[in-house]
Amino acid sequence: MKRKGILFTVTGALLLLAAVALVLWNLHENTRSQQLAGDALSAILDEIPDPVQTTVTTATTYKEDLFAPYETTTTTLPPEDDFILVDDRAYIGVLEIPELGLQLPVLRDWNKKNLKVAPCAYVGCSKNDTLIICGHNYNSHFGRLYTLKNGSELRFTDVNGNVRSYLVTYTDTIPGNDVPSMLSSAKGEWDLTLFTCTIGGQNRVTIRAVRNEYPPA
């Protein structure tokens, strides 16, 4: 019995140490990504010209069937064609989420390595109102997207200085393997989509937004 008690104590201590190590690693990754994104943001802002105010003269409409089958492939969607190179990475602009105090560079090419630096364009183009941006759930990236509400403002400034303002109109949690639902914004339902993984990575916190006049009325 005494030996079993010692075994349980040692096992519990090892599990606690593993949990602490995981938390410390996540904090390290978050701090590192925040620094890399901040360095890239400074370089991009130095090159982006003064903002060009753009307005929307007609109301944006979108379908209410949020999970309609998505029939086209991502290859039919043109990516952003203008970018700024920083440390051999291509950035298409800057995303602002004022409510969260975030100003983040956005990478053109989506992959796991780039996601550790900054949010990435998953598919689409801001010019065509089809842009979908994905990001890690770091607090310094997209970890607090779930707190946004309908009416929250988002802004995207491309590398040519064009500023587009959006208002959040819908939030959702989508299964991680439900790509068609994620891509529904590319068919015109929404003008900008942001998404990130939930804790554990099984689902995707998804923010949908439509164009708004800039500056807001």
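This passage describes strand β7 and its partners, followed by the aromatic pairs and the cysteines of the structure. The model is predicted, so that local features require pLDDT of at least 70 and side-chain atom pairs count only at pLDDT 80 or more, while totals for chains, interfaces and linings use all residues. Residues are numbered from 1 along each chain as its sequence is written, and side-chain values use heavy atoms, with hydrogens and water left out.

Strand β7 comprises residues 153-158, and 6 of its 6 residues are buried. Here, buried means under 20% relative accessible area, exposed means over 50%, and partly exposed lies in between, with a 1.4 Å probe and protein chains only. Helices (H or I, at least four residues) and strands (E, at least two) are DSSP runs, numbered from the N terminus. Both faces of β7 are covered: one side carries the buried residues E153, R155 and T157, and the other carries L154, F156 and D158, also buried.

Strand β7 is paired with strand β3 and with strand β8, where pairing requires that DSSP finds at least two bridges between two strands. The link between β3 (residues 89-97) and β7 is antiparallel and consists of 4 bridges. Within β7, T157 stands opposite V94. Strand β8 (residues 162-175) is likewise antiparallel to β7, to which 5 bridges join it. Residue L154 has Y166 of β8 as its bridge partner. The hairpin of β7 and β8 has 3 residues between the strands, and in this hairpin G161 takes a positive phi near 90 degrees.

Residue V163 belongs to strand β8. A relative accessible area of 2% places V163 among buried residues. Although V163 and G93 are 70 residues apart in sequence, their C-alpha atoms are 9.6 Å apart in space.

The aromatic residues form a second topic. A pair of aromatic rings is described by the distance of the centres and the angle of the planes. Rings of Phe, Tyr and Trp (its six-membered ring) pair if their centres lie within 6.5 Å; planes under 30 degrees apart count as stacked, over 60 as edge-to-face and the rest as tilted. The structure holds 3 aromatic pairs. In one of them, W110 and Y122 meet edge-to-face, with 5.5 Å from centre to centre and 90 degrees between the planes. Because W110 lies in the loop between β4 (102-107) and α2 (112-115) and Y122 in strand β5 (residues 120-123), this pair ties together parts that are 12 residues apart in sequence. Both residues are partly exposed, W110 at 45% relative accessibility and Y122 at 25%. Ring pairs link W110, Y122 and F195 into a cluster.

Leaving aside neighbours within four places in sequence, W110 is in contact (heavy atoms within 4.5 Å) with L115, C120, A121, Y122 and C134. The C-alpha atoms of W110 and I133 are 9.0 Å apart, with a separation of 23 residues in sequence. Elsewhere, the charged end of R108 sits over the ring of F83, 4.4 Å from its centre; such an arrangement requires NZ of Lys or CZ of Arg within 6 Å of the ring centre and within 35 degrees of the ring normal.

With a disulfide defined as a pair of cysteine sulfur atoms within 2.5 Å, the count comes to 0 disulfides. For C120, the nearest cysteine sulfur is that of C134, 5.3 Å away. Residue C120 is buried at 0% relative accessibility, and C125 is buried at 4%.
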